Each structure stands twice: as structure tokens, then as C-alpha cells.
Amino acid sequence: MYCRNCGYLLPNGAGACARCGTRAGMGTNFCSSCGSRIAPGVAFCNACGMRLSSPNNLGGGYPAVPGQPVNYSNYNMGGSAGGYPGGGYNFPGGGNNNMPRKSRVVAGLLGIFLGQLGIHDFYLGFMGRAIMLLTLSLIGWLLSCCTGGLSLILVIFTFFFGLVEGIMILCGTIKVDGYGNPLDD
């Protein structure tokens with residue numbers, strides 16, 4: 001299997017690309033079967049005939065059998081689709097290269113100093129995890145008033161969770177944002 005974002009050959013069972021950090025199966029630039037570069041909006045790889053699934057190929061569906069004509073008017077072929085310059089929509093996990101890259105240093109420092117509230121996850125686009133951290137932290141603080149500090153364990157947990165994630169971001173263990181784009185140094 002090849003990385004759909006950079007075309008790098010992935011070892012069997014790899015969860016993410018070692019070269020660019022994109023999750024396996026995400027991206028739209030290369031064929032996952034043969035590693036050939038893919039033109040935007042095509043339904044099949046020209047080199048190997050592999051049926052492609054891409055978040056930027058919207059509407060119409062793929063032909064059931066290779067060789068049947070493809071109605072390209074249903075696909076996003078660039079331009080100003082949906083009001084986004086350069087065409088296309090920004091799909092989470094798609095590795096959209098039109099989005100500005102997030103800074104590894106900013107994300108790491110947010111994780112260390114404000115990680116208890118999930119601010120670093122909001123910055124990187126991991127909304128579910130960010131909302132979970134914020135909710136757990138607020139519940140911990142509110143319950144600690146009622147229980148005489150017993151639920152401060154929840155507050156301490158969220159503090160250390162954010163601290164560890166901030167350090168992991170700065171060390172390079174977390175390499176991509178919530179949209180699959182690599183972090184800038």
C-alpha cells in the first residue's frame with residue numbers, strides 16, 4: 001500500500017506514513033495500489049486501473065465496472081467550488097494542502113500551558129478530544145467545590161493529559177493536525 005498523500009511505500013499494517021505523517025488511506029494525490037500520481041477528480045488510476053475513493057470526488061458515484069464512461073461534470077475539477085479558492089471543500093482527515101499548516105511549537109506550548117482545557121486540540125482541529133478535555137476539566141473544577149476536593153483527581157488527570165500531549169507535539173510524536181496536514185517546525 002502506498003501513501004495517498006506523498007506516494008511513499010507503506011509497510012503492511014502501517015497506521016500512518018513515516019515520511020509525511022498522513023494517516024493510511026488519506027490523501028488524494030497518489031494511488032494507494034501502485035503509487036502513481038493521480039489527477040484531480042478521476043475515478044480510476046490510469047496506471048493500474050484501481051478504483052479510487054477520494055473526498056474531493058463528490059456526487060454521481062463511481063462507475064460500477066471499469067471501462068464505463070465517467071460523468072466528470074459531477075466531480076469537483078477545481079475552480080471556485082463552494083466558495084473556496086482553488087476548488088474543493090476542506091474535509092477532516094483528507095490532508096487538504098490548501099489549508100495553512102499549524103505550528104508545532106505553538107501547538108506544543110498551548111498543550112503544556114493550556115492543555116488542561118484542550119486549547120491545543122482546538123488549535124490543531126481535534127475537536128472531539130478538545131471538547132472532551134474542556135468538559136472533563138470543567139466538571140472536575142465544579143465538582144471539587146461540592147465534594148471537598150475529591151474530584152480534583154479529574155482536574156489533575158486533564159492537566160497531565162494536556163502536558164504530555166504538549167511534550168509529544170514538541171518531540172515530534174504527533175506529526176499531523178486534525179485534517180491530516182503535517183505540522184510546521
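Mentor: Let's start with words: a helix is a DSSP run of H or I with at least four residues, a strand is a run of E with at least two, and both are numbered from the N terminus. You're looking at a predicted model, where local features need a pLDDT (the predictor's confidence in each residue, from 0 to 100) of at least 70, side-chain atom pairs count only at pLDDT 80 or more, and totals for chains, interfaces and linings use all residues. Residues are numbered from 1 along each chain as its sequence is written, and side-chain values use heavy atoms, with hydrogens and water left out.

Trainee: How many helices does the protein have?

Mentor: Going along from the N terminus, the elements run α-α-α-α. There are 0 strands, and the number of helices is 4.

Trainee: Over which residues does pLDDT stay under 50?

Mentor: The mean pLDDT of the protein is 76, and 75% of its residues reach 70 or more. Among the elements, H1 has the highest mean at 96 and H3 the lowest at 91. Where pLDDT is low, the predicted coordinates should not be read in detail. Be careful, then, with the stretch under 50, residues 54-94.

Trainee: What span does H4 reach from its first C-alpha to its last?

Mentor: H4 covers residues 152-171, which makes 20 residues. The expected span is 1.5 Å times one less than the number of residues, and for H4 that is 28 Å. The model comes close to this, with a reach of 28 Å.

Trainee: Which residues of H4 are buried?

Mentor: Buried means under 20% relative accessible area, exposed means over 50%, and partly exposed is in between (1.4 Å probe, protein chains only). An α-helix has 3.6 residues a turn, so residues three or four places apart point the same way. The buried set in H4 is Val155, Thr158, Gly162, Glu165, Gly166 and Ile169.

Trainee: Why do the buried residues of H4 line one face of the helix?

Mentor: Look down the axis and take the directions from it to the C-beta atoms; the arc is that of those directions. Ile153 and Cys171 are exposed on the face turned away from the buried side. The buried residues line one face because they fall within an arc of 105 degrees.

Trainee: Which helices do the buried residues of H4 pack against?

Mentor: Here we need contact, meaning heavy atoms within 4.5 Å. From the other side, H4 is among what covers the buried residues of H3. For H4, the partners are H1 (104-114), H2 (119-124) and H3 (127-146).

Trainee: Which residue follows H4, and what is its phi near?

Mentor: H3 is followed by Gly148, with a positive phi near 70 degrees. H4 is followed by Gly172, whose phi is also positive, near 95 degrees.

Trainee: Is Cys145 buried or exposed?

Mentor: The structure holds 0 disulfides, a disulfide being a pair of cysteine sulfur atoms within 2.5 Å. For Cys145, the nearest cysteine sulfur is that of Cys146, 6.3 Å away. Cys145 sits on the face of H3 turned away from its buried side. With a relative accessible area of 66%, Cys145 is exposed.

Trainee: What is the relative accessibility of Thr22?

Mentor: Thr22 lies in the segment before H1. Beyond its neighbours within four places in sequence, its contacts include Cys3, Asn5 and Val176. Thr22 counts as buried, because its relative accessibility is 0%.
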